[in-house]
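I opened the model to look up its nonpolar core and a few single residues. My notes follow in the order of the look-ups.

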Amino acid sequence: MSKSDPSHSRKERKKTIRWVVTIFLVTIFVSGLISLVSEEIISRSGIVVSFVILLLIVVVGIVFDVIGVAVTSADETPFHSMAARKVSGAHEAIRLLRNAERVSSICNDVIGDICGVISGSAAATIAAQLLTRFEFSWPMLIGLGMSAVVSGLTVGGKAIGKTFAVNSSTAIVHFVGRTIATFHRFSRSSESK
């Protein structure tokens, strides 16, 4: 079947539409759930714990951005020789690379953007906590300062991460592949018990 075949083109279009709708709905659900949980935890925590949670959210966004960039820039060739030698995670890495567009969309757009939005709202919640606990002569600066620091950490972290991802894409994809393989082995062994 050639790619110029109208039925193939229709199938691809339907597949793309289904993917977009699925990712849209998953993003709404995951974003709402994570926002709710993080806001609840941050609003009930102390300032130090709130800052740690905020930092974790930023780090998760950066890590998934690194994975998304690595998957789009890695070459599949070394993983074929690894798979032939039965290296753990090689088959999973090949699967990731063959679905690079979707993996990148999930890592960079869904998880990365959700973390960006949630870190912004978490920063606002922390700023509100600071304003209720301490007296500031210019309270607006607290919110602006929190927003600026979170933006700086996110953008700076992603800039460093992208360079690392491009230069170490094979190692990163292999690590993710091994992690997935380990998770599959663990879930299979717990199902058999």
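The entries below cover the core, then one of its residues, then two positions on a helix.

Entry 1, status. I am working from a predicted model.

Entry 2, core. I looked up the largest nonpolar core and found 42 residues in it. Leu54, Val71, Phe79 and Val173 have the most contacts inside this core. I then listed the elements that give two or more residues to the core: helix H1 (6–44), helix H2 (47–73), helix H3 (77–84), helix H4 (90–98), H5, helix H6 (140–167) and helix H7 (169–192). H5 supplies the largest share, 12 residues.

Entry 3, Phe79. I asked which residues Phe79 is in contact with, leaving aside neighbours within four places in sequence. I noted Ala90, Ala93, Ile94, Leu97, Thr170, Val173 and His174 as the contacts of Phe79. Val173, in that list, is also among the residues with the most contacts inside the core.

Entry 4, Thr125. I placed Thr125 in helix H5, which spans residues 100–133. Is Thr125 buried or exposed? Thr125 is buried, because its relative accessible area of 15% is under the 20% cut-off. Not counting residues up to four places away in sequence, Thr125 touches Glu39, Ile42 and Ser43.

Entry 5, Ile106. I found Ile106 in helix H5 as well. Its relative accessible area is 33%, so Ile106 counts as partly exposed. With residues up to four places away not counted, Ile106 touches Trp19, Ile23 and Ile111. I also checked Ile106 against Asp65, 41 residues apart along the chain: their C-alpha atoms are separated by 9.5 Å.

Technical notes:
Residues are numbered from 1 along each chain as its sequence is written. This is a predicted model: local features need pLDDT of at least 70, side-chain atom pairs count only at pLDDT 80 or more; totals for chains, interfaces and linings use all residues. Side-chain values use heavy atoms; hydrogens and water are left out. Buried means under 20% relative accessible area, exposed over 50%, partly exposed in between (1.4 Å probe, protein chains only). Contact means heavy atoms within 4.5 Å. A nonpolar core is a set of buried Ala, Val, Leu, Ile, Met, Phe, Trp, Tyr and Cys residues joined through side-chain atoms within 4.5 Å.
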